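Student: Could we go through this structure together? I should like to begin with the helices.
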Amino acid sequence: MSSSPYSGSELPDIANSDFQPNLSKRYALDQVFEQLTWIATFIGLLVLCLLLYDIISDGASRLSWQFISSFPSRRPATAGLLSALVGSIWLLCVTAVLAFPVGVGSGIFLEEFAPDNFFTQLIEINIGNLAAVPSIIYGLLGLQVFARLMRPITGGPSILTGGLTLALLILPIIIVATREALRAVPNSLRQGGFAVGATRWQVVRDLILPQAIPGVLTGTILALSRAIGETAPLITIGALTFIAFLPPLSLEGLQTDFTALPIQVYNWVSRPQPAFHTNAAAGIIVLMLVLLLMNTTAVLLRNKFQKGRM
Amino acid sequence: MMSNMTNPTMISDSHAHTQEPALKMEGVSIYYGSTPAIREVYLDIPPHQITAFIGPSGCGKSTVLRCFNRTNDLIPGAQVKGNVFFHGVNLYSKKIDPVEVRRRIGMVFQKPNPFPKSIYENIAFGARINGYQGNMDQLVENSLRKAAIWDEVKDKLKESGLSLSGGQQQRLCIARAIAIQPEVILMDEPCSALDPISTLRIEELMQELKAQYTIVIVTHNMQQASRVSDKTAFFNAEATEQGGKLGYLVEYNDTVNIFTNPKQEYTRDYVSGRFG
Amino acid sequence: MKSHPSPLARSQDAQMWQPKRNLSKWSEQLVKYIFAAFALISVATTLGIVFTLIFETFEFFREVPIFRFLTETQWTPLFTNAKFGIWVLVSATFMTSVIALFVALPVGLLAAICLSEYASPRVRQWLKPTLEILAGVPTVVYGYFALLFITPILQTFIPGLKTFNGLSAGLVMGIAILPFVASLSEDAIYAVPQSLRQGSYALGTTKRETITGVVLPAALSGIVASFVLAVARAVGETMIVTIAAGSNPTLTFDPRVPVQTMTAFIVQVSLGDTPATSLAFKTIFAVGMMLFLMTFVLNIFSFWFVRRFQEKYE
């Protein structure tokens, strides 16, 4: 195999050269290397296709209104994920309400207000650190602080406890996304604002945030979709796997026990009967559809954002 | 001896064993996509001399320079028409491997771009990859000596090339180019990022190097061209109907003639500082 | 929009300009302090994690001597004859992580090189988001995939492979963390200045030689940071190993048999009805502490490495 596209060096060798470039061997290695990188890239895509195929072929037939609208059951054929779906939606709302203002506020503080001192650097290092802490550790924190110490407020392993735990988990992601969105707003806009006599907060609120908000929202939605898929911290704080009621739509609802889609899926996967595995696959399809919906929203927002900046 | 007998700085160079030009351009035009950027350049680069390309910014002098070692190939959409000859061989022939061309025709860039490696490895990298058979330590030392930087770095060869000052970095890059023993060194505005003292050192270095190498330098600094070069090519650009710029060679002659007795009015205006 | 008086007219119309300077100054301060308090929540989170873990771990070691924790070779904290050899769990975490990293690091780095250096901008534009989908798949889904798809396939040609095993969990975990390696490494590789690539090509190098000889060393700090993050992810990954690797605490490096990782143990205890005062309950905090220390050390290393080796380009 001649892998060199050239039929050998035609350049006259005037100086008696000390070099033996051996180009054909090097080109052969080049080709092997490039093929390897393509194979590596397609391994990921191949697995993604296999995974989707596997789950759809296992679970699609089980999807029905009965499945969506039923509570869990000991019999796989009558089991459903109503309580899990509703639990996940509750969690999503609580987490969003808690994490969004705190995350965006922290991001604004660090990017627009904070002086560049030791203290701010500490916060920054800390945020980087938190992003690498395993989610199950957040579960242990939630178990101890929210489910046990704050039991009178949260009501134990409740929706509120779950929301608080997940909010802490995704806080670093929202902070980083907010800062990036703020950083993308040109400095000239800030200077223009200051030049007409606005205070820093007025500049941020009226000039910077409107520009940055699509980026902030995109980052927040992506962070929330991470929270929706989390299983380990919820199990750790003591979320139940078998819930046959819906939380009341009131503040007491926050203090009720709950289950969530990934917990329900885990519960079904860990049963020995194959019929429950089918339920798990169907549950995964529902979970992935929820994620797809959230991600599509994020992508649409991002596209709108990028178009708006032209 | 040289192609132009009026050259007052004519040197009796033992290496000038041939009157044949080291590099030759025949009707070279360069396109980006379908947009022409350079119009038909005809040019002979004499061996063992310094040839300077001058002209206002945007006239494409760097683009022309990059034809000599086919680095234009790396820009997506760039296309070179016409012929570039290196010792009579067309560099743009299908049989010619650009990688081999670049080993024979070295290049120094506008901004010093040492690799994030040790000083030693900066020099050894290209030589090792191109299968250098000799003593590597010796090659590194020789290259650094030729680039007039050995005394400054000999005690810290293991340190990062990025730890040097700008002027030192540029001389390191020259040493790196020398190490693969090219015949031609292309310099693309090598002093534009340097302070005057570093610039002076590089200019002195070029005078030492031309005994062994053919040097082509792009510069926007007319004083530099008049100080260092033997021949000067003046490029200019004209506005195209599409609103772009089309570069072309206005005049090419001995440096003395370009600066004291230009044939073209554009050249006269440019060297007297009336535009550019 | 209101029409503003010209600056010259200002002295006459001074009463038209009554900025609520005091109010805006006051609200400015208020907002600043509220946001600063928000930013402190992240610090409080870290402190909360550290104190929670330290407190319960301390309680744990009052009942179980640290000597037993570090030297016993069995892990049976829920049995009457309880043994607390943490290495049993650590070995399982180590094994599954190593398998995962064998997949994620080389494949992720090669994919990053492909995206940054070989793929055309158009191909890159759709390849990168597709890989990001892989990163967004919940881990419980990967657990399902490992247990019910990969393991049966592997069983057809690996004799003695049990239903729950470290191999399948590790492989799928590798796929799950691959996109993080690819994405972060690609950012680092893509950010290497073009001038370095040109400098390398000018020495007569091929594309591969430029990539391996110049571009990758220049992106080293970012690549290592992505690798360290991958290690931290593998060590802390929970659902894939819980579902696919099983819950048999065994001190072994045999990837074909069921094992229990540190994270899987925490899940196992959390699912059971363990009273908060029991020793088993404290055990999960001790295991959590171990896990946290591991990721903390990794973080420190990453931080140090990036500081030490990050090259500053203009």
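Student: Where in α9(A) does the kink lie?
Tutor: In this predicted model, the kink in α9(A) is at L209(A), shortly before the proline P210(A), and amounts to about 60 degrees. The bend is the angle between axes fitted to the seven residues ending at a residue and the seven starting there. Helices (H or I, at least four residues) and strands (E, at least two) are DSSP runs, numbered from the N terminus.
Student: How far apart are the end C-alpha atoms of helix α9 of chain A?
Tutor: They are only 38 Å apart, although the helix, residues 200-229, has 30 residues; a straight one would reach 44 Å. That expected span is 1.5 Å times one less than the number of residues.
Student: What about strand β3 of chain B: which residues lie on each side?
Tutor: I50(B), A52(B) and I54(B) are on one side, T51(B) and F53(B) on the other, and all are buried (20 or more other C-beta atoms within 10 Å of their own, C-beta atoms being placed from the backbone). In a regular strand the side chains alternate between the two faces of the sheet.
Student: In which sense does β3(B) pair with β8(B)?
Tutor: The pairing is parallel, over four bridges, where DSSP must find at least two bridges for two strands to pair. Within it, A52(B) stands opposite I217(B).
Student: And which residue stands opposite F53(B)?
Tutor: That is A233(B) in β9(B); β3(B) and β9(B) also pair in the parallel sense, over four bridges.
Student: How is the model numbered and filtered?
Tutor: Residues are numbered from 1 along each chain as its sequence is written, with chains lettered from A and ligands numbered from 1 in the order in which they are written. Local features need pLDDT of at least 70 and side-chain atom pairs count only at pLDDT 80 or more, while totals for chains, interfaces and linings use all residues.

Notes
A residue is buried if 20 or more other C-beta atoms lie within 10 Å of its own, exposed if 12 or fewer, and partly exposed in between; C-beta atoms are placed from the backbone.
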